[in-house]
Amino acid sequence: MDSRALQFRITRLAGYGAMILILLVIGAPLFWMVTGAFKTNQEIRALPTVWWPELLQWTSLADLRASYVNFTEAWAAAPFGRFYLNSTIITLAGMTLEVVNATLTAYALAFLRFPKKNLVFILVLAALMVPNQVTILPNYVFLGRTMVDLFGQNWINTYQGIILPGASVAYGTFLLRQAFMGLPREVLDAAKVDGCGHLRLLWDMVIPMARPVLITFGLISMVAKWNDYLWPLVVTTNDNDRPLTVGLTYLFNQEGNTDWGVVMAATCFVIAPLLLIYLWAQRFIIEGMTAGATKG
Amino acid sequence: MDDEITQRRGASGPVIRERGEIAGGSSLSVPGRRGVARSTPTRRSLWSRVVHSEVLLFTLFVAPNLLLFGIFTYWPMLYSGYLSLVSWDLLSATKPFVGLANYRYLLGDDIFRLVLRNTFVFTVGSVGGSLALGLGVALLLNQPLRGRDGARAVVFAPTLLSGAAISIIWVYIFDPRFGLMAKLLGFVNIASPTWLRDTTWSMVAIIIVYVWKNLGFATVIYLAGLQTIPRDLYEAAKVDGAGPFSRFRNVTLPMLSPISFFLLVTSILTTFQAFDIISVMTQGGPVDATNTLIYYVYEQGFVAFNAGRAAAASWVLFIIMLAVTLIQLRYSERKVHYG
């Protein structure tokens with residue numbers, strides 16, 4: 001009996017040990033980023049290693065202005081204000097378009113009559129199979145040259161050029177269609193009995209009832225737009241028109257290896273908003289991800 | 001199956017709209033209403049009109065999405081097939097047709113062969129690593145430990161962070177002089193390799209970063225899968241005298257196999273498209289040691305301005321991905337039959 005309890009306690013202890021180890025491995029890079037952002041160049045190069053920068057120590061925290069010197073320097077090294085604005089616009093517009101597109105298509109596929117409806121559904125799903133890198137060069141040619149032939153102006157360095165090629169949704173449509181078809185029929189039918197048309201049905205019944213899925217998909221879409229890298233990299237050439245992710249890597253290519261403190265501070269600019277949103281909506285995002293995967 | 005249900009739903013739709021008719025009857029159950037639908041042939045003209053407007057509404061609802069797909073997905077795909085048959089520098093007015101020369105060039109090219117090999121190594125390492133570690137972490141967090149929900153959230157966090165930003169942090173970590181990795185190796189008295197400047201270690205480095213970033217996805221999916229395994233299976237195995245390892249081998253692993261397969265396929269497909277990590281950390285180097293298919297496509301198109309070669313390489317990638325997807329579809333079908 002006693003040895004059993006001992007064995008139980010040992011496995012329990014080993015479990016916590018392993019959990020702490022995993023948290024350390026996952027957390028270490030973020031720790032390295034944050035402390036790096038507060039280190040002076042001497043501290044970064046110092047031997048023995050400086051694990052906790054002086055600027056984050058209690059005595060110097062009193063002098064707040066000094067502690068974020070790397071951040072002010074990073075902010076001045078590239079137009080980060082513009083980057084934030086661009087990223088925000090691209091993310092919000094892209095997410096809105098995706099959610100609207102997915103909702104409308106999913107509603108049509110779930111509730112409206114149409115000949116050969118399955119064909120439409122297959123056409124949407126098949127887009128999942130076309131990888132980004134096949135379309136990226138033709139789309140660049142389309143925005144840069146074909147648009148000039150058609151309308152006399154190209155869409156390089158424009159918001160619509162960054163946003164529109166990514167505004168159609170396959171996965172989200174699939175996700176929402178599944179959710180819509182799982183809504184209780186009785187309630188929807190009752191609404192129809194009361195003379196509810198399709199637009200009112202969508203707006204007053206389906207959207208409120210499917211809210212959790214819509215929020216989850218919106219969050220997933222938002223994260224993807226904020227992090228998008230390859231397409232904005234290709235389609236922007238002006239510094240002022242870049243989103244945060246691309247702007248950051250340009251700064252890194254100039255200053256990396258020479259001024260890690262400033263580069264880490266700039267990296268914080270990109271990562272911080274997402275971490276904050278994640279802290280707030282963590283449950284929604286994880287559950288949405290698993291729901292989409294385990295049902296499939 | 002699905003289609004039949006929606007058709008039936010749709011058919012009952014317009015009839016229910018006849019307010020007076022149904023409001024009189026007290027039963028609102030679905031079969032009753034369908035009965036009404038069949039017994040009112042006099043409403044044909046109205047019925048067809050409503051159907052007509054539904055067709056219009058359907059078209060309006062679906063149009064934006066399909067239009068965007070047409071312009072930015074399907075058309076470019078065809079156009080890319082055409083580009084793979086020409087020689088073009090993205091600037092000149094003419095695009096001379098060269099037939100399959102671009103493909104022939106790729107198949108005979110040593111660098112492209114290296115690129116294929118790199119893609120294979122990167123995919124096997126990243127997918128294998130994130131699935132194996134993901135399963136391990138999921139098994140751990142499936143134990144009744146305090147704070148495991150918080151740990152799950154932390155492990156999942158890197159999947160949501162910008163790949164470009166993450167890569168920059170890791171370049172700093174892999175810095176052979178001031179990086180965290182060198183410091184940690186210093187604790188155990190191992191001299192740090194030069195990581196991103198070394199032809200062997202650079203591949204190891206990007207695999208480490210990829211696994212670090214993506215293992216949370218596998219963890220979360222595996223955790224959800226573990227929670228669906230019925231407890232009595234374990235009880236029965238215990239009664240039969242199965243130890244923890246044998247229970248894992250004979251209950252957990254087989255029960256998780258559909259999820260493992262799903263993760264395997266989706267991870268392979270996303271790994272093929274992993275661009276930001278390679279672009280930021282190594283730019284395919286040193287001397288093409290980390291140049292994978294996706295980076296090669298970008299490099300040929302936007303650095304070397306060789307549209308034909310880029311398009312041909314992107315089609316090679318597309319065909320590989322299609323093959324992976326088709327294998328998944330076939331397997332899923334079989335699963336339905338036997339499972």
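Biologist: Which helix of chain A holds Ala179(A)?
Modeller: This is a predicted model. In it, Ala179(A) sits within residues 171-181 of chain A. That stretch is helix H10.

Biologist: Is Ala179(A) buried or exposed?
Modeller: Count the C-beta atoms around Ala179(A). There are 21 others within 10 Å. The cut-off for burial is 20 or more. So Ala179(A) is buried.

Biologist: Which residues does Ala179(A) touch, leaving out those up to four places away in sequence?
Modeller: Glu54(A) is 125 residues from Ala179(A) in sequence and 52 Å away in space, C-alpha to C-alpha. For contacts, two C-beta atoms must lie within 7 Å. The residues that Ala179(A) touches are Ala210(A) and Val213(A).

Biologist: What is the phi of Asn157(A), and where does the residue sit?
Modeller: Asn157(A) is partly exposed, with 15 other C-beta atoms within 10 Å. Asn157(A) lies in the loop between helix H8 (132-151) and helix H9 (159-163) of chain A. Its phi is positive, although the residue is not glycine. The value is near 65 degrees.

Biologist: What about Phe305(B): what is its phi?
Modeller: Phe305(B) lies in the loop between H14 and helix H15 (307-338) of chain B. Phe305(B) has 13 C-beta neighbours inside 10 Å, so it counts as partly exposed. Its phi is positive, and the residue is not a glycine. The value is about 50 degrees.

Biologist: Which two residues of chain B does a cis peptide bond join?
Modeller: Look in the loop between helix H13 (276-281) and helix H14 (293-303) of chain B, where Pro286(B) is found. Omega is about -10 degrees at the cis bond. The bond joins Gly285(B) and Pro286(B).

Biologist: How many helices does chain B have?
Modeller: Chain B has 339 residues, and 39% of them are buried. Among its contacts between residues at least 6 apart in sequence, 66% join residues at least 24 apart. Chain B has zero strands. Its helices number 15.

Biologist: Are H11(B) and H12(B) parallel or oblique to each other?
Modeller: The axes of helix H11 (residues 231-239) and helix H12 (residues 244-272) of chain B come within 10 Å. They cross at roughly 140 degrees. Over 145 would count as roughly antiparallel. The two helices are therefore oblique.

Biologist: Which residues make the contact of H11(B) with H12(B)?
Modeller: H11(B) passes H12(B) in a right-handed crossing. H11(B) gives Leu233(B), Tyr234(B) and Ala237(B). H12(B) gives Arg247(B), Asn250(B) and Val251(B). By class, that is four nonpolar, one polar and one charged.

Biologist: How many residues does each chain bring to the contact between A and B, and which helix gives chain B's largest share?
Modeller: Each side is counted by residue: 79 from chain A and 79 from chain B. On chain B, the residues divide into 59 nonpolar, 14 polar and six charged. The largest share there is 19 residues, from helix H4 (residues 44-83) of chain B.

Biologist: How do H1(A) and H8(B) lie to each other?
Modeller: Helix H1 (residues 2-37) of chain A packs on helix H8 (residues 163-173) of chain B, with axes 10 Å apart. Pro29(A), Trp32(A), Met33(A) and Gly36(A) meet Ile169(B), Trp170(B), Tyr172(B) and Ile173(B). Seven of these residues are nonpolar, one is polar and none is charged. The angle is about 85 degrees, and the helices are therefore roughly perpendicular.

Terms used. Residues are numbered from 1 along each chain as its sequence is written. Chains are lettered from A and ligands numbered from 1 in the order in which they are written. This is a predicted model: local features need pLDDT of at least 70, side-chain atom pairs count only at pLDDT 80 or more; totals for chains, interfaces and linings use all residues. Axes are lines fitted to C-alpha atoms, for helices over the stretch in contact, and angles run from 0 to 180 degrees between N-to-C directions. Helices (H or I, at least four residues) and strands (E, at least two) are DSSP runs, numbered from the N terminus. Angles under 35 degrees count as roughly parallel, over 145 as roughly antiparallel, 65 to 115 as roughly perpendicular and the rest as oblique. Ala, Val, Leu, Ile, Met, Phe, Trp, Tyr, Cys and Pro count as nonpolar, Asp, Glu, Lys and Arg as charged, and the others, Gly among them, as polar. A residue is buried if 20 or more other C-beta atoms lie within 10 Å of its own, exposed if 12 or fewer, and partly exposed in between; C-beta atoms are placed from the backbone. A crossing is left-handed if the near helix is turned anticlockwise from the far one by less than a right angle, and right-handed if clockwise.
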